[in-house]
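Here is a friendly walk through how some of the labels on a protein model are earned. Have a look at the structure, and then we can go through the reasoning together.

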Amino acid sequence: MADNLVLLFQNIGLTEQKAKETAKNKNLAPTLEKAIHSAGFQEKASEKSTGALVYHLASTITPGATPHLDYIAKAIRDSKLATSDQVSAAIKFVNDKKEINEAAFNEECGVGVVVTKEDVNTAVDAYTETVKDRLIKDRYKFFGMFFAGAKNVPSLRWANGGDVKEAVDAKMLEILGPKDERDAPVKKQKKETKPEVKEEKKVEETASVLTVPDMFFEGELAKLHKPGGNPQIKPELMEAHLKATGGKYVTRFPPEPNGFLHIGHAKAININFGLAKAHNGVCNLRYDDTNPEAEEERYFESILEIVKWLGFTPSEITYSSTHFHRLYELAIELIKKDKAYICHCTGEQIQMHRGGPERGPRTACAHRDRPVKESLELFEKMKNGGFEEGEAILRMKMDLENGNPQFWDLVAYRVLKTPHHRTGDEWIIYPTYDYTHCLVDSFENITHSLCTVEFQQSRASYYWLCDALEVYKPVQWEYGRLNITNTILSKRKIAELVKKDYVFDWDDPRLFTLPAIRRRGVPPEAINNFVHTLGVTKSDTVIEVTKLDAFIRDYLNETAPRLMGVFNPIKVVIENLPESHEEMLTVQNKPRDPSMGEHTIPFTREVWIDGSDFREVDDKDFFRLAPGKTVGLLNVPCPITCTKVVKDDSGKVVQLLARYEDAPGFKRPKTYIQWVAESPKHGSPVRLDEVRLFDRLFNHANPQDKRDVPGGYLSDVNPYSLSVENGALVEVGLWNIMDQWAKTSESKTDFEAMRFQLTRIGYFCVDKESDLGDFKAKSSVSLKDTSKKIILNRTVSLQVSSTLKK
C-alpha cells in the first residue's frame, strides 16, 4: 500500500523522497490520495505546476472545507484555479458551507480573471507613490514590505506572483539604482561607519534579529490569514477579539518550564517574535506551567534570559497558571454541556479502550455515560482532595470513532498533590496541556498559534474545545522542526547524560541546549541569521552539524578580533638580538579591516611558538620551523632561522636557538607562524589555566537510531569529545578584549561575549568558570590585575568541511 501511495504521489510531481515522506504522514497521505483521485491524476501524471496545487490543497485544507475537497480538486484539474492563492481562497470560501454557489465561488476565487503584465506594472506604479518616501529611506531593506504591500493591492489579488516581483524589482531599480554599500548587511557596514573597537557590542546588537525579514512575507508564512480572517462559532467572538487587539497580530512563545531551551526553540522564538514584529504586532512569552512536578525556578529564569539573549523583548510575560480559576470554571461548564466526565480508568485501561497495542476497535469506558450531576460532584471531590493521584481524572467527551487519536477523550484534569511554584498549595488538580493550551491562547487573544508539525493532529481537538466552550478560537498553524545531527534534544536523555557525568551540566558546550550553545561562545546573531537562512516550511529540517558550524565560523570571521596564542609552547631565543631588545608592534584586530581597530604587542629576544610548528626531523612537506629552516613570525618585519635545538635530560625539546634574518635582501619565507613574546614588563605572555577543545558528543549522526547504534545513545558517546590544553599562552591583546567587555557588559556575567580568533587555531571565548576577581568593584583597574583563573572554550575550529564547498 505504501509503495502504491509513493507512485501515486509521484504522479503529481513529488520527488521519490518527498513522496515517501508524505506517504508516512498519516494525516496528510489520505487527504492527498483523495485529492489526486478527485482530480483524475491516479492514472495519468499531471503537469508539475498543477500537481503542486493539488498538494497545496491537501496540505492546507481545513476541516470545514474537507467535504468540498472533490469540488476544489476538479476546479484545479479544469484550470479554473491556477495559483496557490486561488486554491487558498477556494478553501476559505467553501469552509463550513453546505452547498456551493458556483457563480459566487468563481467571483471569490478569481476564476477566469486575467491580470496582464501591463496591469501589474500599472498597479505597482500607483502603489509605489504611496510608499515612495519609505522606499527611498530604507532602500533595498524595504523589499519585503514593498513586495507584500504590492501583492495586497486589490487589483493584483490574482496576479502572477512572479510578475509582481518582477515589477517591484524594476521599480526599485528605477528609483534607487543598483545596490551599493548602503544596502550591504549590517555586519559589513563597519567599513563605512568605522567604529572603534569599543563599539563592538553596539555593532553586534544592530546586526541582530530581523535583518532578513523576507521570510515573513514569502513562502509558507505569507499564506497566513490576517487578523480577523479566522471564522468563529459566533460572530460576536471575533468582534470582541478585534476590539481587544485593535486588529494587531498577536503571537506567543509558550515553553513548558521543565527544562532548558534547545536549538529547535531558537526557530520557534524567531518565528513567533519575528512574525509579530514584521507586522507591527506583539508577542508574549507565556510559561505553560501546568505540571508542578517537573517545573523549577531555574528553568523560568533561563528561558527569559535566553529569549533576551537572542535579542527579543516579550510584550508581556504571562503564565498559564494565572488562569487556573477560569480554566476550572470552564471545566465545570464543559461537564454541564455533557462534554466532559470523571473517569477512574488507569493508563493501561485507557490504552486498551483506545484499541490497545494491536490497534483494535475503540470502546467507551464504563464511566463515559455517567450522569452530568455525578461528574460535577466527583470533579468537586477531586478539587477538595477526595481522590489520590491516579484515582480520578476529568476527560473530554469527544469522538471515539474519529480516526484522529486527538479525539479519543483526552484528559483535561488530573490529581497532582505537588505544590505549584506560583500558586503553592492552592490546587491539587491541574489542567493538562491539551486542555489548557488552546484556552489560554483564546484568553490572550492570540491571532496565530504557531507550533511544530507534531501538533498537526492536535489542531482539530484545539478547535473542538474552543467551539465546545464557545470562546474565541485562534488559528493553529504548524511548521517543520529544526533538528541537528550528532546530538540529542530530549530533556529526559540530556538529564541522563548529566546524571551519569557524560557532560558537566545542561549548559555543557557539547550539547545543543541554547545555554550550552551560548556558553560555547556562539553569538546570538549567528543563531538568528542561521534560522532565517533556513526559512520556514512544513517539513522537518535536519541540518548537518558541520553546516551550522560553518555558518557560525563565517559570522565570527566577520566579527571576531584576532589574537595570537600557542599550545604546547616552545621557547625560541633569537641569539643575534640584544637581551634588552624590545619592539612594540601595532597589530590590526582583523587583518585588512582597519574598522576593527588595533592593539600593540611587544616583540623581544625571547618568544614562544606553538609546539606543532616545530619538527626536529624535517621533511619536504613540512613548511614550518625545523633545524636550519626559516619561517616568518606574523607581524614581525623579518623571519627567523632555527640554528640549534636544546633538550633536557629526557630528550624533550625545551628551547630553540634562532637567528633574526634582518640582512638586506633576505628572501621572503613561504610560511608565517604565530608567536607570543616573553616580556614580564608587559605581562606577556598571558598564561591560560585551561583551554577546552570540544568535539562531537556522539559518533553517529542519529545516536537514537537503533540500526546504527544498537547499544543505545549512551553507547554512542564520543570518549574524545573533550580535550583540555594546559599551559597555553596568549598575547597581551587578550586584556584589551576583556577590559572592553568589562566596560560595556551590562550583566558582567556574560563571559562568553569575550570572543576572538586565535590565529591559525580557531575561535574561542572565555568560560564562565574563569575567576576574574573583584573587577566589578574596581572599574578603573584592568582585568589583568584582578584575574585569577582564565579558561577558554573553543567555539568552532578553523577547519571548513568539504561538504560545504560543493
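## How the labels are earned

In this predicted model, Thr31, Lys34, Ala35, Ser38 and Ala39 of helix 3 meet Leu69, Asp70, Ala73, Lys74 and Arg77 of helix 5.

Q: What makes up that contact of helix 3 with helix 5, by class?
A: There are four nonpolar, two polar and four charged residues.

Q: Why are helix 3 and helix 5 called oblique to each other?
A: Their axes come within 8 Å and cross at roughly 55°. Angles under 35 degrees count as roughly parallel, and 65 to 115 as roughly perpendicular. The angle of roughly 55° fits neither range, and therefore the two helices are oblique. The crossing of helix 3 and helix 5 is right-handed.

Q: Why is helix 4 called roughly antiparallel to helix 5?
A: Helix 4 (residues 48–60) and helix 5 (residues 69–77) pack at about 165°, their axes 10 Å apart. The cut-off for roughly antiparallel is over 145 degrees, so helix 4 earns that label against helix 5. Helix 4 also passes helix 5 in a right-handed crossing.

Q: Which residues of helix 4 and helix 5 meet?
A: Thr50, Leu53, Val54 and Leu57 in helix 4 touch Leu69, Ile72, Ala73 and Ile76 in helix 5. By class, this contact has seven nonpolar residues, one polar and no charged ones.

Q: What makes the Tyr299 and Trp506 pair edge-to-face?
A: The model holds 27 aromatic pairs. The ring centres of Tyr299 and Trp506 are 6.4 Å apart, and rings pair if their centres lie within 6.5 Å. Their planes stand at 65°, and over 60 degrees counts as edge-to-face, so the pair gets that name.

Q: Where in the chain do Tyr299 and Trp506 sit?
A: Tyr299 is in helix 15 (residues 297–309), while Trp506 is in the loop between helix 21 (491–499) and helix 22 (514–519). The pair links distant parts of the chain, 207 residues apart.

Q: Why do strand 1 and strand 3 count as edges of their sheet?
A: Three strands form an open sheet in the order 1-2-3, with parallel pairing. Strand 1 (250–253) and strand 3 (317–319) each have a single partner strand, so one side of each is left without a neighbour in the sheet. The twist averages 35° from one strand to the next.

Q: How do you know that strand 2 and strand 3 pair?
A: Pairing needs at least two bridges, and strand 2 (residues 282–287) and strand 3 have three, in the parallel sense. Tyr287 has Tyr319 in strand 3 as its bridge partner.

Q: What makes strand 18 and strand 19 a pair?
A: Strand 18 (residues 630–633) and strand 19 (residues 640–647) share two bridges in the antiparallel sense, which meets the requirement of at least two. Thr630 is bridged to Thr641 in strand 19.

Q: Why do strand 21 and strand 22 stand at the edges?
A: Seven strands form an open sheet in the order 21-18-19-20-14-17-22, with mixed pairing. Strand 21 (672–673) and strand 22 each have a single partner strand, so one side of each lacks a neighbour in the sheet. For strand 22 (residues 675–677), three antiparallel bridges join strand 17, and Trp675 is the bridge partner of Ile609.

Note on methods
Residues are numbered from 1 along each chain as its sequence is written. This is a predicted model: local features need pLDDT of at least 70, side-chain atom pairs count only at pLDDT 80 or more; totals for chains, interfaces and linings use all residues. Side-chain values use heavy atoms; hydrogens and water are left out. Axes are lines fitted to C-alpha atoms, for helices over the stretch in contact, and angles run from 0 to 180 degrees between N-to-C directions. Helices (H or I, at least four residues) and strands (E, at least two) are DSSP runs, numbered from the N terminus. A crossing is left-handed if the near helix is turned anticlockwise from the far one by less than a right angle, and right-handed if clockwise. Contact means heavy atoms within 4.5 Å. Ala, Val, Leu, Ile, Met, Phe, Trp, Tyr, Cys and Pro count as nonpolar, Asp, Glu, Lys and Arg as charged, and the others, Gly among them, as polar. Rings of Phe, Tyr and Trp (its six-membered ring) pair if their centres lie within 6.5 Å; planes under 30 degrees apart count as stacked, over 60 as edge-to-face and the rest as tilted.
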